[in-house]
Amino acid sequence: MNQSDTKTIWIHLATFNVGTAEPAGSVFELFDTGMAKLPDLVVVSLQEIDMSANSLILENTDAKEHWSEFIGESLTAAAIVHGASEADPYVQIGSVQNAGVFIGVWARTYLQEEIQNVASDRLSLGFMGLANKGAVMVSLSLFSSSFVFVGCHLAAHTAEIERRLQDSERLLTELSISRTSSVSSDDVSSDDGQLSVLGHDKVFILGDLNYRVEGLELDEIKTALEGGNFGVLLAKDQLELARQAGGAFPGFSEAEVTFAPTYKYSVNEGRELLLDDPKRLPSYTDRILFQARDARSIRPLRYDSVPSVLLSDHKPVFLLAETAVVLQPDDALI
């Protein structure tokens, strides 16, 4: 395949555990990150948008609409800052909520007609099948490439690493869409005709994965944070160690982590990590992972947190990536 058969697009992915907070202006900073140009696709995964009893029963609540509207308005504002002339520079392609977990996908308006086969699924991962923890996904085809975006909130607490491993295996195998929604001849489907997460050309996992830093004394953590030596913490990061051992998200990649831990902070005040709870030590709970059939087809451009957002005891994390999509035969001639 030569370059004339592909088109390069920019994707902006963000994850944020909002801790049941209402949408607020500071979240706009997620979409105003000094990018050289506007991303073609924007994907936002939120956790704990609604943790009420109703959300566990109804799955969809008003919080989904509130956050979708706010994100759409923020994207329009960011586009105006970049000089976009369209009245509606972005259109929402799809979204899904499962109690507290939400994921939404937006695309530049010019791509709307090239996006097809939009489908979604949800999975509850909490105790006794409750949706206080879970995963949601949006699948789509852009030109002739299939994408899936999975937002998730995995089991909490340092000791629950085995539960998190089980959660990650379940979301990769149990989330699925109808095989007829797929466009790629290489997609891998199960015997029942369902297309799993790993059957797509490009897979993105973003959420509060809840993996913790373990095995360091509090004084060691303080010293590392004061010196900006985050590598000391990452060397004890449960997710990184599990991935190296092949136990968590095998085959997935993560851009280099160069930012401070994203948990735990004081709500509405938190520019400094809290160090007074030995059960909740500073950790990189919020992550974005990716995988593609052609590993070279996804190139991270920037991976960072947004410390200025104070809504929650977590900090948002975003990934700006460049990826190549396969054009349809007729498009390749244009």
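This section describes the cores, salt bridges, strand pairing, helix α3 and unusual backbone geometry of a predicted model.

The largest nonpolar core comprises 47 residues. Leu13, Leu142, Phe147, Phe149 and Phe204 have the most contacts inside this core. Leu13 illustrates the packing. Leaving aside neighbours within four places in sequence, Leu13 is in contact with Val43, Phe149, Phe204, Leu206, Ile288, Val317, Phe318 and Leu319. Another core, of 27 residues, lies apart from the largest one. Its members include Val18, Val44, Ala78 and Val306.

The salt bridge count comes to 10. Arg287 pairs with Asp237, with the closest N and O atoms 3.0 Å apart. This pair links distant parts of the chain, with the two positions 50 residues apart in numbering. Arg287 belongs to strand β11 (residues 286–292), whereas Asp237 sits in the loop between α5 (230–234) and α6 (238–244). Both Arg287 and Asp237 are buried. Salt bridges with shared partners join Asp237, Glu254 and Arg287 into one network. Arg302 forms a salt bridge with Asp304, at a closest N to O distance of 3.3 Å. Arg302 is partly exposed, with a relative accessible area of 36%.

A further salt bridge lies within helix α3 (residues 161–174). Here Arg163 pairs with Asp167, and the closest N and O atoms are 3.7 Å apart. The two residues are 4 apart in the helix, so about one helical turn separates them. Their exposure is as follows. Arg163 is partly exposed, at 28% relative accessible area. Asp167 is buried, at 2% relative accessibility.

Helix α3 has 14 residues. From its first C-alpha to its last, α3 reaches 20 Å, close to the 20 Å expected at 1.5 Å a residue. Its buried residues are Arg164, Leu165, Asp167, Ser168, Leu171 and Leu172. These residues lie on the same side of α3, because they cover an arc of only 160° around the axis. The exposed residues Glu162 and Thr173 are carried on the face turned away from the buried side. The buried residues of α3 pack against several strands and one helix. The strands are β5 (115–124), β6 (134–142), β7 (145–153), β9 (194–196) and β10 (202–208), and the helix is α6.

Strand β3 (residues 90–98) pairs with strand β4 (residues 101–108) in the antiparallel sense, over 8 bridges. Tyr90 has Arg108 in β4 as its bridge partner. The two strands form a hairpin with 2 residues between them. In the turn, Ala99 has a positive phi of about 60°.

Backbone exceptions occur elsewhere too. Most residues other than glycine have a negative phi, and most peptide bonds are trans. The peptide bond from Tyr263 to Lys264 is cis, with omega near 15°. Lys264 is found in the loop between α6 and β11. His157 is not a glycine, yet has a positive phi of about 80°. The loop between β7 and α3 holds His157. With a relative accessible area of 45%, His157 is partly exposed. Asn210 likewise has a positive phi, near 70°. The place of Asn210 is in the loop between β10 and α4 (218–226). Asn210 is buried, at a relative accessible area of 3%.

Key
Residues numbered from 1 in each chain as written. Predicted model: local features only at pLDDT ≥ 70, side-chain atom pairs only at ≥ 80, totals over all residues. Heavy atoms only, no water. Core = buried A, V, L, I, M, F, W, Y, C linked by side-chain atoms within 4.5 Å. Buried < 20%, exposed > 50% of the residue type's maximum accessible area, 1.4 Å probe, protein only. Contact = heavy atoms within 4.5 Å. Salt bridge = Lys/Arg side-chain N within 4 Å of Asp/Glu carboxyl O. Pairing = 2+ DSSP bridges. Expected span 1.5 Å × (residues − 1). Arc of directions from axis to C-beta.
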